[in-house]
Amino acid sequence: MHDIVIRGGKIVDGTGAPAFEGDVAIEGDKIVQVGGKAGPGKREVNADGRLVTPGWVDVHTHYDGQATWDPVLAPSSWHGATTIVFGNCGVGFAPVRSEHQVALIEMMEGVEDIPGITLTEGLKWDWESFPEYLDALARLPRTIDVAAQVAHHPLRVYAMGDRAINREFATAEDIELMAKLTEEALKAGAVGFTTSRTDQHKTLAGDLVPGRYAEHEELIAIGRAMGRAGRGTFGFLSDFDDEAAEWKWVRQVAKESGRPAG
Ligand SMILES: [Zn+2]
């Protein structure tokens with residue numbers, strides 16, 4: 001007896017093969033049969049006239065806030081996403097000191113158009129470090145899986161304080177701290193690092209985001225930290241005003257870290 005049998009749906013198995021009719025059987029947390037006629041299940045789901053597909057992994061979302069208070073994560077979960085990745089575009093909410101919580105909300109509101117009032121009401125801020133943020137995420141029951149990336153703007157504000165908000169360049173000590181915190185976050189479970197270098201991304205007040213003022217050495221140092229952690233992807237956005245120069249440092253990040261970058 002299977003635990004769950006999904007019966008009679010049109011299966012799209014994710015291999016590129018044409019859809020086919022059949023059952024899907026599940027035991028525990030494993031899919032044990034795809035297609036054909038499955039034996040009885042303790043729970044049977046009638047999928048007649050419906051598509052049965054693998055879950056989608058949505059690698060670019062901005063649920064950094066919502067994931068801390070909403071176990072359902074609609075509308076992504078309604079539409080078949082079974083894993084969402086956030087911390088994209090360099091915006092997020094960890095690490096953070098209490099005096100910069102509002103600045104991070106205004107950055108998210110400016111860049112991603114998520115209403116600040118929703119974030120202000122919803123965020124409990126029961127974390128400061130990135131590992132503590134992951135702990136806060138882990139405390140909530142989940143309908144779908146979540147994965148968090150280290151976002152450059154909050155990281156920069158944490159390491160540099162108001163100097164990051166005032167759009168200053170980072171010192172060698174700032175860069176060292178950002179690299180150390182990135183390594184720590186990856187080792188705690190972050191799946192990547194992202195930054196934004198586009199002029200399209202502005203805070204609520206209309207200023208360019210802090211990461212826009214990162215020099216190549218800062219990004220390369222963060223890349224090296226990813227190499228030390230041995231995990232994670234490096235993501236960035238750019239206007240590519242000087243395309244050759246942009247790819248030059250990205251290639252260096254990929255080479256020195258051994259991590260995928262792009
Ligand atoms: Zn984005």
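The buried residues of helix α7 are covered by elements that include α6, β10, β11 and α8 (243-257). The model in which this helix is seen is a predicted one. The buried residues in question are E218, L219, A221, I222, G223, A225 and M226. A general property of helices helps in reading such a list. An α-helix has 3.6 residues a turn, so residues three or four places apart point the same way.

Helix α7 itself has 14 residues. From its first C-alpha to its last, α7 reaches 20 Å, close to the 20 Å expected at 1.5 Å a residue. Just after the helix comes G230, which takes a positive phi of about 75°.

The next step is to place α7 among its partners. Together with β10 and β11, helix α7 (residues 216-229) makes a right-handed β-α-β unit. The two strands of this unit, β10 (residues 192-197) and β11 (residues 233-238), run parallel and are joined by six bridges. Within this pair, T195 stands opposite F236 in β11. Both strands also appear among the elements that cover the buried residues of α7.

From this unit the reader may step back to the whole chain. The protein chain contains eight helices and eleven strands. Its C-alpha atoms fill a box of roughly 65 × 40 × 30 Å along the principal axes. The domain assignment gives domain 1 (2-52) and domain 2 (56-257). The centres of domain 1 and domain 2, taken over C-alpha atoms, are separated by 38 Å. Of the 262 residues of the chain, 37% count as buried. Among the contacts with a separation of 6 or more, 72% are between residues 24 or more positions apart.

A further sheet deserves attention. Strands of a sheet pair through backbone hydrogen bonds, either parallel or antiparallel. Here, three strands form an open sheet in the order β6-β7-β8, and the pairing is parallel. Strands β6 and β8 stand at the edges with a single partner strand each, so one side of each is left without a neighbour in the sheet. On average, neighbouring strands of this sheet are turned by 15° against each other, direction ignored.

The pairings can be followed strand by strand. Strands β6 and β7 are linked in the parallel sense over three bridges, and the bridge partner of V57 in β7 is T83. On the other pairing, β7 and β8 (residues 145-148) are linked in the parallel sense over four bridges. Here T83 stands opposite D145 in β8.

The loop between β6 (56-58) and β7 (81-86) contains S76. Is S76 buried or exposed? S76 counts as buried because it has 20 C-beta neighbours inside 10 Å, and the cut-off for a buried residue is 20 or more. Leaving aside residues up to four places away in sequence, S76 touches D58, T61, A81, I84 and I144. The C-alpha atoms of S76 and G116 are separated by 20 Å, and these residues lie 40 residues apart along the chain.

Some details of the backbone complete the picture. Most residues other than glycine have a negative phi, and most peptide bonds are trans. Against this background, four places in the model merit a look. A cis peptide bond, with omega about 5°, joins A74 and P75. P75 is found in the loop between β6 and β7, and this loop also holds S76. A second cis peptide bond runs from A94 to P95, with omega near -5°. P95 lies in the loop between β7 and α1 (101-112).

The remaining two places concern phi. W125 is not a glycine, although its phi is positive, at about 55°. W125 lies in the loop between α2 (116-122) and α3 (130-138). With 14 other C-beta atoms within 10 Å, W125 is partly exposed. R167, also not a glycine, has a positive phi of about 65°. The place of R167 is in the loop between α5 (162-165) and α6 (172-188). R167 is partly exposed, having 13 other C-beta atoms within 10 Å. Helix α6, at the end of that loop, is one of the elements that cover the buried residues of α7.

Conventions: Residues are numbered from 1 along each chain as its sequence is written. This is a predicted model: local features need pLDDT of at least 70, side-chain atom pairs count only at pLDDT 80 or more; totals for chains, interfaces and linings use all residues. A residue is buried if 20 or more other C-beta atoms lie within 10 Å of its own, exposed if 12 or fewer, and partly exposed in between; C-beta atoms are placed from the backbone. Two residues are in contact if their C-beta atoms, placed from the backbone, lie within 7 Å. Domain bounds come from an automatic or database domain assignment. Two strands pair if DSSP finds at least two bridges between them. A crossover is right-handed if, with the strands pointing away from the viewer, the path from the first strand over the helix to the second runs clockwise. The expected span of a helix is 1.5 Å times one less than its number of residues. Axes are lines fitted to C-alpha atoms, for helices over the stretch in contact, and angles run from 0 to 180 degrees between N-to-C directions.
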